[in-house]
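Got a fold in front of you and a ligand to think about? Let's poke at it with a few quick questions.

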Amino acid sequence: MDADITIIGLGPAGLQAAIHAARKKVKVVAVGKSGSSSLNKAEVENYLGIISAEGSDLLRIGREQAVRFGAELFEEEVVKVTKEGETFVTVTDHERVIRSRSVILAVGISRAKLGVPGEKEFLGRGVSYCASCDAGFFKGRPAVVIGEESEAAESAVLLTEYASKVYWVHRELNASPQELEKVKKAKVEMIGSKPVRVFGEQSVTGLELEDGRKLDVNGVFIALGAKGSIELALELGIMPDPSGKIQVDENCRTEMEHVYACGDVTGAPWQLARAVGQGCVAGDHAAKVLRAEK
Ligand SMILES: Cc1cc2nc3c(=O)[nH]c(=O)nc-3n(C[C@H](O)[C@H](O)[C@H](O)COP(=O)(O)OP(=O)(O)OC[C@H]3O[C@@H](n4cnc5c(N)ncnc54)[C@H](O)[C@@H]3O)c2cc1C
């Protein structure tokens, strides 16, 4: 099938790009798995105009909006994207072939996992990968942050403004002296050890460390960084920066003409508001350029 723009990703960045591009009356095909979006398991309280919403509901409504404005959506995985002359050729796991003049990469990231028992089982019931998203759920309750770098230091300091007690469990420490000073001032208790198990009943009640200690906590914040789903970008010849994110300019253009990137894959903060904002910019700009070239 032919399209003007192929969007890879059905998370908030891809859907917002689809809405903005389709409203400019270019032909938009968007491919991805809504269930794989980071937003699918989120409970959102920090997005403008919404007091509280399930991420899965926002995605469902976003899909309906994109379709209403004329975008075609396919719940499929892209296995290959190449450039043939001026045309991008995108192939899905359902053997669908989409030929388009532009591509928008809205493929999200994967958060680094701790890999201990209880981590997966208690995700959303005490385990979180995002302090700025979820700190508010732990008001007056104890929490622990796990990580080595700035992200962990910032998360620990932020949590002290909500939680009754904050621990920071780390192996090596790669945060700056200034950040460590802030952590000290915020009275975060630092523990040099390795987590081996998250435990609880309906929700988290503790974290076990390799030295046998058990921390009584209700929140376990894993701040070990993230990597982008960048294989498709690499296939096109776009190199991510050393931290794994795809670099874009103010119009969400990558280093390759007619290829855009938006959302978590372009860097932190990994937040819905940023993903939606960049999706708008990418979709709008890609459509404007194609209309000008017609
Ligand atoms: C548990 C949790 C709670 C969160 N809570 C909040 C919150 O309260 N507030 C907030 O602002 N943010 C929150 N976030 C972050 C927010 O969900 C993300 O910032 C946002 O979803 C990023 O949007 P995105 O479109 O860039 O990526 P994603 O939503 O991750 O979407 C990526 C899309 O790319 C697709 N994709 C990847 N590879 C391929 C491929 N090869 N072929 C086809 N499709 C592909 C996936 O299928 C998916 O549809 C939370 C995240 C998590 C995990």
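What follows is a short Q and A on a predicted model.

Q: Which residues come nearest to the ligand?
A: This is a predicted model, so keep that in mind. The ligand has 38 residues around it. The ones that come nearest are Gly 9, Gly 11, Ala 13, Gly 108 and Gly 263.

Q: Which elements give two or more residues to the shell around the ligand?
A: The shell draws at least three residues from each of domain 1 (5–111 + 226–293) and domain 2 (127–222). As for elements giving two or more residues, they are helix 1 (12–22) and helix 7 (272–293).

Q: How many charged residues does the shell around the ligand have?
A: Split the shell by class and you get 21 nonpolar and 13 polar residues. The charged ones number four.

Q: How many residues are in the largest nonpolar core?
A: Ile 8, Ala 18, Val 28, Ala 30, Ile 104, Leu 105 and Cys 262 have the most contacts inside this core. Val 28, for one, touches residues including Ile 5, Ile 7, Ala 18 and Ala 71. Another core, of 33 residues, lies apart from it, with Trp 168 and Ile 222 among them. The largest core has 54 residues.

Q: Is Tyr 129 buried or exposed?
A: Tyr 129 sits in the loop between strand 11 (127–128) and helix 3 (131–134). Leaving out residues up to four places away in sequence, Tyr 129 touches Arg 111 and Ile 222. The cut-off for burial is 20 or more other C-beta atoms within 10 Å. Tyr 129 has 23 C-beta neighbours inside 10 Å, so it counts as buried.

Note on methods: Residues are numbered from 1 along each chain as its sequence is written. This is a predicted model: local features need pLDDT of at least 70, side-chain atom pairs count only at pLDDT 80 or more; totals for chains, interfaces and linings use all residues. A residue is near a molecule or strand if its C-beta atom, placed from the backbone, lies within 6 Å of it. Helices (H or I, at least four residues) and strands (E, at least two) are DSSP runs, numbered from the N terminus. Ala, Val, Leu, Ile, Met, Phe, Trp, Tyr, Cys and Pro count as nonpolar, Asp, Glu, Lys and Arg as charged, and the others, Gly among them, as polar. Domain bounds come from an automatic or database domain assignment. A nonpolar core is a set of buried Ala, Val, Leu, Ile, Met, Phe, Trp, Tyr and Cys residues joined through C-beta atoms within 7 Å. A residue is buried if 20 or more other C-beta atoms lie within 10 Å of its own, exposed if 12 or fewer, and partly exposed in between; C-beta atoms are placed from the backbone. Two residues are in contact if their C-beta atoms, placed from the backbone, lie within 7 Å.
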